[in-house]
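Here's a quick briefing on the fold in front of you. Have the viewer open while you read, and take the topics one at a time.

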Amino acid sequence: MGPCIASSLWLAVGLYNVGWAPQYSLAMILGIALFLVSAEANNLYSSWRVHTLREKFRHVAFAWFVVVVALIAFGFLTKTSADFSRVAMTIWFVWSPVLMVLVRAMVRTILRELRIRGRNTRTLAVAGSGKLAREVADKVKQEKWMGLDLVGFYDDHEGASRTQTDKSVPLEGNLADLVTKATKGEIDFVYITLPMGDEKKIVGLVDELANTTTSVFLVPDLFVFDLLHSSWISLDGIPMISVFDTPFYGVDGWLKRFEDIVLDSLILTLISIPMLVIAIAIKLTSPGPVIFKQRRYGLSGKVMEVWKFRTMIVHEDDEDIAQATKGDMRVTRLGAFLRRTSLDELPQFINVLQGRMSIVGPRPHAVSHNEKYRKLLHGYMLRHKVKPGITGWAQINGWRGETENLEKMKYRITYDMEYISNLSLWLDFKIIASTLLMLVRDRNAY
């Protein structure tokens, strides 16, 4: 990566025509040295066979960000920042990571083609033959760019040969056979996928493989959990895995809130007059309040009030509330139109500004519905690890409106969990765009 950093600075100085000076040589040397240190600490130079290209791009970006911050701080503290062209340095700061990413992508593409053709490969053995082992085998076979030649499963668990169902990957032998082959140098990589309960067996296998030159990776058997937004964390050096967590902590939470405030302010400006017209129409066509306030579960399962335009003759918020159904006699004529076009949801943009809701997230259910389904569906309440939304991943995938049976609710929750696990600003924008497109043709709301 050193040549990329040096050439990009030379190019930046040349393009802006400021002339090469000794301070640029110093900046180049410091930039390369700092990047090497930062990249090593950020695991940039680890094996490409076990990291995706996206992960490597992220490592490059973070390592270079550290360099930029350090160089700016150095220039400020030494009072030498005025000696550099700001335009040239800005070009260098921007172009260097781009060039490094392009070079790595090109090299990765060449290696990918070589490995797909059976060159530059390494042998891989999987210790274990259960569900996790088969998942790993499937992934390795799909991702041919890794250049791993899967030789087979090794397991001495009773009945392993009977339960092993992946005929394309043979059960080559037991764990002792695996150690023997590794000792002979016939295996380059070993993925240990044994159950978490086989602690002694895992420790023993690792100890024996320590006397070989094989690269060993321990794959935690986490299929026993339903992971939600999981990640590796450290407690003062002690590694831990978060099983259930919210993505709303730290920077991600701030970005989500910033997104809501900016978009919601713009939307409220655009819909203020239509909301006023709807409010007057409701007041003139049926007795009762304009806004229907219903108790729902929000972030962390705390009860909140969600606002909607009233669409029914009655507006109770009792312990047992029946969902609206097709042809529901409680729905007014104007209310039917509002529900069909989703205009009844507009007051919830005020809830977003209040911080109770988000524009995108799992749809909030009535308190009574939550209490019902939390007893029937495993992990149901995990959908409240994020703020409820006006629209969501489940809604644009066809699970909007009435959920008259448990199976439909199960599918809605599945999509809610998928959204939380993959939450990002890009996904939010995709959902918002899809919602706008489907409003005119949705028939699941009434």
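Two strands count as paired here if DSSP finds at least two bridges between them. With that in hand, keep in mind that this is a predicted model. Going by that rule, five strands make up an open sheet, ordered β3-β2-β1-β4-β5, and the pairing is parallel.

**The whole chain**
- You're looking at 446 residues, and 42% of them are buried.
- The secondary structure adds up to 15 helices and eleven strands.
- Take the contacts between residues at least 6 apart in sequence: 69% of these join residues at least 24 apart.
- About 24,700 Å² of the chain is exposed, with carbon and sulfur atoms supplying 62% of that area.

**The sheet, strand by strand**
- Which strands sit at the edges of the sheet? They are β3 (171-173) and β5 (215-218), each of which pairs on one side only.
- From one strand to the next, the twist averages 35°.
- β1 and β2 run parallel and are joined by six bridges; as an example in β2, L148 is the bridge partner of R122.
- On to β4: β1 (residues 122-127) pairs with β4 (residues 189-192) in the parallel sense, over four bridges. There, L124 has F189 of β4 as its bridge partner.
- β2 and β3 are also a parallel pair, this time over two bridges, and Y154 finds its bridge partner in G173 of β3.
- Is β2 largely enclosed or largely open? Five of its seven residues are buried, so the rest of the structure largely encloses this strand.

**Helices on the sheet**
- Helix α5 (residues 131-142) packs on the sheet and touches β1, β2 (148-154) and β4. The direction of α5 makes about 165° with that of β2.
- Helix α7 (residues 175-183) lies across β1, β2, β3 and β4. Relative to β2, α7 runs at about 145°.

**Helix α10**
- Which residues of α10 (residues 333-340) are buried? They are G335, L338 and R339.
- Look down the axis of α10 and those buried residues fall within an arc of 95°, so they line one face of the helix.
- Just after α10 comes S342, which takes a positive phi of about 65°.

Key. Residues numbered from 1 in each chain as written. Predicted model: local features only at pLDDT ≥ 70, side-chain atom pairs only at ≥ 80, totals over all residues. Heavy atoms only, no water. Axes fitted to C-alpha atoms, helices over the stretch in contact; angles between N-to-C directions. Contact = heavy atoms within 4.5 Å. Buried < 20%, exposed > 50% of the residue type's maximum accessible area, 1.4 Å probe, protein only. Arc of directions from axis to C-beta. Areas by Shrake-Rupley, 256 points an atom, 1.4 Å probe, with all protein chains shown as cover.
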